[in-house]
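I opened this structure to look up a few local details. My notes follow in the order I took them.

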Amino acid sequence: NVVGILQGSDPRLAGQFIVLGAHYDHLGLGGRGSLDPDSVGVPHNGADDNASGVVALLEAARRLSLARPGRSVLFLAFGGEEHGLLGSAAYVKTPAVPNDSLVAMLNFDMVGRLRENRLVVYGVETAKEWRPLLDSLNATAGFAMSAQGDGYGPSDHTSFYNKQVPVLFY
């Protein structure tokens, strides 16, 4: 795992952390959900799974560093996602900051698959604030957004949801 911390600008909120995460490992083997589902067991490298998420993570770090938010931000690049969420599970067991200081985890996994302006966001049921916030933001952005689900799924956000951290999975 690679960890970066941007300290929050508001002394009252700086002890609270928003986690932005993406996994940097990938070795797909075709099958369901693959861009080549008929090539089961044939290795293929993944530019969208998850180079796109890592790029989103790095760009968020760049932009947030220009105008620091009130809360602190924890940038996490995970290894081992493709082999069973190994990096995120290891992180929550030995965190850089206490897990109870985490107020949310946003997981950027396969964000490079945005097509026809459709955005799918999972985890909206993990905090009562998520749906109204997403609806408000989307009023300006104008995505054909599908916001649904609890905090479980086949990516790193699950490790945080298991620690009762509200999550969103893009």
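**Entry 1: Asp109.** I asked whether Asp109 is buried or exposed. The model is a predicted one, and in it Asp109 has a relative accessibility of 6%. Buried means under 20%, so Asp109 counts as buried. I then looked up where Asp109 sits. I found Asp109 in the loop between β4 (102-107) and β5 (118-122).

**Entry 2: Around Asp109.** Which residues does Asp109 touch, leaving out those up to four places away in sequence? I listed His23, Asp49, Asn50, Glu81, Ser155, Phe169 and Tyr170. I checked His23 further: its side chain and that of Asp109 are joined by a polar contact of 3.2 Å.

**Entry 3: From β5 onward.** I moved on to β5, the strand after the loop of Asp109. How does β5 run relative to β6 (residues 144-148)? The two strands are parallel, and five bridges join them. I looked up Leu119 and found that its bridge partner in β6 is Met145. I also noted helix α3 (residues 130-141), which makes a right-handed β-α-β unit with β5 and β6.

**Entry 4: Helix α2.** I turned to α2 (residues 86-93) and asked which of its residues are buried. I found Gly87, Ser88, Tyr91 and Val92. Why do these four share a side of α2? They cover an arc of only 125° around the axis, so they lie on the same side. In general, an α-helix has 3.6 residues a turn, so residues three or four places apart point the same way. Leu86 and Lys93, on the other side of α2, are exposed. Last, I looked up what the buried residues of α2 pack against: β1 (2-6), β3 (72-78) and α4 (157-161).

Terms used: Residues are numbered from 1 along each chain as its sequence is written. This is a predicted model: local features need pLDDT of at least 70, side-chain atom pairs count only at pLDDT 80 or more; totals for chains, interfaces and linings use all residues. Side-chain values use heavy atoms; hydrogens and water are left out. Buried means under 20% relative accessible area, exposed over 50%, partly exposed in between (1.4 Å probe, protein chains only). The arc is that of the directions from the helix axis to the C-beta atoms. Contact means heavy atoms within 4.5 Å. A polar contact is a pair of N or O atoms within 3.5 Å; within protein, one must be able to donate a hydrogen and the other to accept it, and residues adjacent in sequence count only if both atoms are side-chain atoms. Two strands pair if DSSP finds at least two bridges between them. A crossover is right-handed if, with the strands pointing away from the viewer, the path from the first strand over the helix to the second runs clockwise.
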